[in-house]
Amino acid sequence: MAGDYKKVRIPSWVNYWGWGSGDMLGAGAQAVITGWLFYFFTTFCGLSAVESGLILGLPRLLEAITCPLIGYVSDHLRHTWVGHKIGRRKLFLLITIPLLPSFALIFRTGHSFSYYLLCFIFFELLYTMFLIPWETLAAEMSRDYAEKAKFAGARMIVAQSSAILASYLPTLLISQFGGKDSPDTFFWMAAIFGVIFSVVVLIVVLTTWERPYGPKELSALSQTFKGPSLKTALQIPVDMFKDLFSTLKIRAFRQHLSLYLGGYLSQDIFNTAFPIFVATVLAGATLVISQLMTVMYVAQLVSVMVAINIVIRTGPLLAYRIAISFFGAALLLYLVFFLVQPAGFSAGLQALGGNIFAAFNPAAAGFSPGLIFWLFLPIVLAGLGRGTLNFVPWSVYNYLPDIDEAVTGQRREGVFAGVMTLVRKLAQSGAIILSGWIIDAGGYISPKTRPGQVVEQTPEAIHTIVALMVGGPIVVMLLGLAISWSFRLNARTHAVLVHEVERLRAGETEAESPENRQVVEALTGWRYERLWGRGAQG
């Protein structure tokens, strides 16, 4: 059915949190993968840093095809019987539900490089099949700026909560079952998450809906698939990549990608190096890493709650600037720690017996304000920055299809989700592979003969890890900020854009005012007379 944009259902808290629960898989899986998998491979599986980086990076290259393909197909399933009966997005979600517990297979020791690579490729395919259709649903369920921000906020609160779980589960499992540095800790963590993933996807299916297309969009879609002819099938990849590249013609989207990559790549680099930094520089093992990451993710949760209000009131750019200031300060503090090597820190940490929270007890052995400062201040600052860096790009994504609609006259949520995920995966692949190569080239020694034990590293290896963890994130964050400096999307400009889209849909060809014209042209990068499909394909 054609549908009517003005009769869209109004989301309630059930819909906000039901849809947002999907990031228990979206961010939860990534928290486990980026936080633990490189460490798990190099510490328990006898793999080198290069091999571990390749396992984490190569599957992302394959997604250069799967990400846009899933986004394109999900956009174009509406005309089919399956699309009408099940939903063009929900079809993909339902397929993943019984398969997601396979996540635990990645965290088994004693296998070859090929085994881990194939298992990770399979899970990444499932992850993409869920992520891209799921990301489109918030943009489909609302066109209101504040409602979109609430969807993004619910998502990020769930995301940070899942990250807390991912960081704390090893501590909980160790305390319950023993095995301070046992690989079984990670297997059971992954098994628990695999079951949770299936449950939250079911919740998403039950609490979300897909917005029907308007008459023009249905007409355009019906021309895409007239039948199962060979010509039609061969045209799919051509149309798909044409759609992909057309998104880069949207100015706000290009600027948004710089925010997105700056925020997320900085965390990819940090996540790869941080567990090794803790093991080599702070002299902590799995238990200490787990607890520090838990503190960081709790701070990220607090950060998201604050960032929601900042983005709603002022727009995303101010929030991004604050975030990189906090995260950058944390990285510089870790650099200072490495250079100064505070007296008594190592002895104080060992005296805590693996429980860093005992540092707050004045009666604890080794208690000192300096120990508390170095254990908690840098990681809290990192969390405050990272939470906002996570929130900003996905709060912006929900508005991009509105800007695209002004240019093309179409709703292409799936294409934009596909492009964002594609760019993210390719960039993440490069960042992880390069980080693994740099760590290995610096002389890092993987404990192949003594899995689970910390091997004494050379000064060159430690210098490399510190330089990568501190310098890499700062560079990419500043590059992202510089490219996006003129980003102009906020509550006021979005309201103007939506108003002008309604006028364009009604057949108007001129802006209501010069100010409105300026706003729309600044966001789209197109002259007003070329909007609504009049010049977007040129």
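Colleague: Which helix does T247 lie in?

Modeller: T247 lies in helix α10, residues 230–247. Helices (H or I, at least four residues) and strands (E, at least two) are DSSP runs, numbered from the N terminus. This is a predicted model: local features need pLDDT of at least 70, side-chain atom pairs count only at pLDDT 80 or more, and totals for chains, interfaces and linings use all residues. Residues are numbered from 1 along each chain as its sequence is written, and side-chain values use heavy atoms, leaving out hydrogens and water.

Colleague: Is T247 buried or exposed?

Modeller: Relative accessible area decides: under 20% is buried, over 50% exposed, and in between partly exposed (1.4 Å probe, protein chains only). T247 has 0%, so T247 is buried.

Colleague: What is T247 in contact with, beyond its neighbours within four places in sequence?

Modeller: Contact means heavy atoms within 4.5 Å. On that count, T247 touches F253, R412, V415, F416 and V419. F416 and V419 also appear where α17 meets α11 (residues 251–280).

Colleague: How do α11 and α17 cross?

Modeller: Lines are fitted to C-alpha atoms over the stretch in contact, and the angle between N-to-C directions runs from 0 to 180 degrees. For α11 and α17 the axes come within 9 Å and cross at roughly 35 degrees. The crossing is right-handed, the near helix being turned clockwise from the far one by less than a right angle (anticlockwise would be left-handed). From α11, residues including F253, H256 and L257 take part, and from α17, residues including F416, V419 and M420. The contact of α11 with α17 has 16 nonpolar, four polar and two charged residues. Here Ala, Val, Leu, Ile, Met, Phe, Trp, Tyr, Cys and Pro count as nonpolar, Asp, Glu, Lys and Arg as charged, and the others, Gly among them, as polar.

Colleague: At what angle do α15 and α17 cross?

Modeller: The axes of α15 (residues 369–397) and α17 (residues 413–441) come within 11 Å and cross at roughly 155 degrees. That makes the pair roughly antiparallel, a label for angles over 145 degrees (under 35 is roughly parallel, 65 to 115 roughly perpendicular, the rest oblique). This crossing is right-handed. P393, W394 and Y397 of α15 meet E413, F416, A417 and M420 of α17. These divide into six nonpolar, no polar and one charged.

Colleague: Which residues of α20 are buried?

Modeller: An α-helix has 3.6 residues a turn, so residues three or four places apart point the same way. In α20 (residues 514–524) the buried ones are N516, V519, V520, E521, L523 and T524. Their cover includes α11, α16 (400–408) and α19 (491–505). A522, also in α20, is partly exposed at 27%. Its C-alpha atom is 8.0 Å from that of A252, 270 residues apart along the chain. After α20 comes G525, with a positive phi near 80 degrees.

Colleague: How many residues are in the largest nonpolar core?

Modeller: Such a core joins buried Ala, Val, Leu, Ile, Met, Phe, Trp, Tyr and Cys residues through side-chain atoms within 4.5 Å. The largest has 174 residues, and L25, F103, F123, F274 and L375 have the most contacts inside it. Helix α6 (residues 113–141) contributes most, with 15 residues. Beyond four places in sequence, L25 touches residues including L100, F123 and Y127.

Colleague: And the chain as a whole?

Modeller: The chain has 20 helices and zero strands, and 61% of its 538 residues count as buried. Of contacts between residues at least 6 apart in sequence, 82% join residues at least 24 apart.
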